[in-house]
Amino acid sequence: DYLDHPRNGSQGHVSLRVYDVSGRLVRTLLDGERAAGEHRAVWSGLSDSGDRAASGVYFVKMEVGGAD
């Protein structure tokens, strides 16, 4: 649950999103500017609408500065 944003001391846009196995967006954990370095994000198991996500497999996608 730690993220490393290695941008040589700079700041940049970071997004961290959780998807189900069908590719549907379940939760956006981060979406904004972050300084370079180590950050922590914790998913509570709730969707963006506040509903509890079903048990199963989920994928996390991190994008930094527009790159996956």
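**Exercise 1. Place the strands**

Seven bridges join β2 to β5, and these two strands run antiparallel. This is a predicted model: local features need pLDDT of at least 70, side-chain atom pairs count only at pLDDT 80 or more, and totals for chains, interfaces and linings use all residues. Residues are numbered from 1 along each chain as its sequence is written, and side-chain values use heavy atoms, with hydrogens and water left out.

Task: find which strands form the open sheet, and in what order.

Solution.

Step 1. Count the elements. The protein chain has five strands and zero helices. Strands (E, at least two residues) and helices (H or I, at least four) are DSSP runs, numbered from the N terminus. Along the sequence the pattern reads β-β-β-β-β.

Step 2. Find the pairs. Two strands pair if DSSP finds at least two bridges between them. Strand β2 covers residues 11-20. Strand β3 covers residues 25-35, and β2 pairs with β3 in the antiparallel sense over nine bridges. The pairing of β2 with β5 rests on seven bridges.

Step 3. Put them in order. The three strands form an open sheet, β3-β2-β5, with antiparallel pairing. β3 and β5 are the edges: each has a single partner strand, so one side of each is left without a neighbour in the sheet. Neighbouring strands of this sheet are turned by 15° against each other on average, direction ignored. For such angles, axes are lines fitted to C-alpha atoms, for helices over the stretch in contact, and angles run from 0 to 180 degrees between N-to-C directions.

**Exercise 2. Follow the hairpin**

Task: state how many residues lie between β2 and β3 in their hairpin, and name the turn residue with a positive phi.

Solution.

Step 1. Look at the link. β2 and β3 form a hairpin with four residues between them.

Step 2. Check the turn. G23 sits there, with a positive phi of about 90°.

Step 3. Look across the strands. Y19 stands opposite L25 in β3.

**Exercise 3. Describe R17**

Task: decide whether R17 is buried or exposed, and list what R17 touches.

Solution.

Step 1. Locate the residue. R17 lies in strand β2. Its bridge partner in β5 is K61.

Step 2. Apply the cut-offs. Buried means under 20% relative accessible area, exposed over 50%, and partly exposed in between (1.4 Å probe, protein chains only). R17 has a relative accessible area of 18%, so R17 is buried.

Step 3. List the contacts. A contact means heavy atoms within 4.5 Å. Not counting residues up to four places away in sequence, R17 touches L25, R27, T28, D31, F59, V60, K61 and E63.

Step 4. Add the polar partner. The side chains of R17 and S15 share a polar contact of 3.0 Å. A polar contact is a pair of N or O atoms within 3.5 Å; within protein, one must be able to donate a hydrogen and the other to accept it, and residues adjacent in sequence count only if both atoms are side-chain atoms.

Step 5. Check S15. This residue is also placed in strand β2. At 2% relative accessibility, S15 counts as buried. S15 touches L30, D31, K61, M62 and E63, again leaving out residues up to four places away in sequence.

**Exercise 4. Trace the salt bridges**

Task: find which residues are joined with R17 into one network of salt bridges.

Solution.

Step 1. Fix the rule. A salt bridge is a side-chain nitrogen of Lys or Arg within 4 Å of a carboxyl oxygen of Asp or Glu. The structure holds five salt bridges.

Step 2. Start at R17. The side chains of D31 and R17 meet in a salt bridge (3.3 Å, N to O). D31 is in strand β3 and R17 in strand β2, 14 residues apart. At 45% relative accessibility, D31 counts as partly exposed.

Step 3. Move to β5. K61 and E63 form a salt bridge through their side chains (4.0 Å, N to O). Salt bridges that share partners join R17, D31, K61 and E63 into one network. K61 is partly exposed at 34% relative accessibility, and E63 is partly exposed at 22%.

Step 4. Try another pair. The side chains of R27 and D48 meet at 3.7 Å, N to O, in a salt bridge. R27 lies in strand β3 and D48 in the loop between β4 (37-40) and β5 (58-64), so the pair ties together parts 21 residues apart in sequence.
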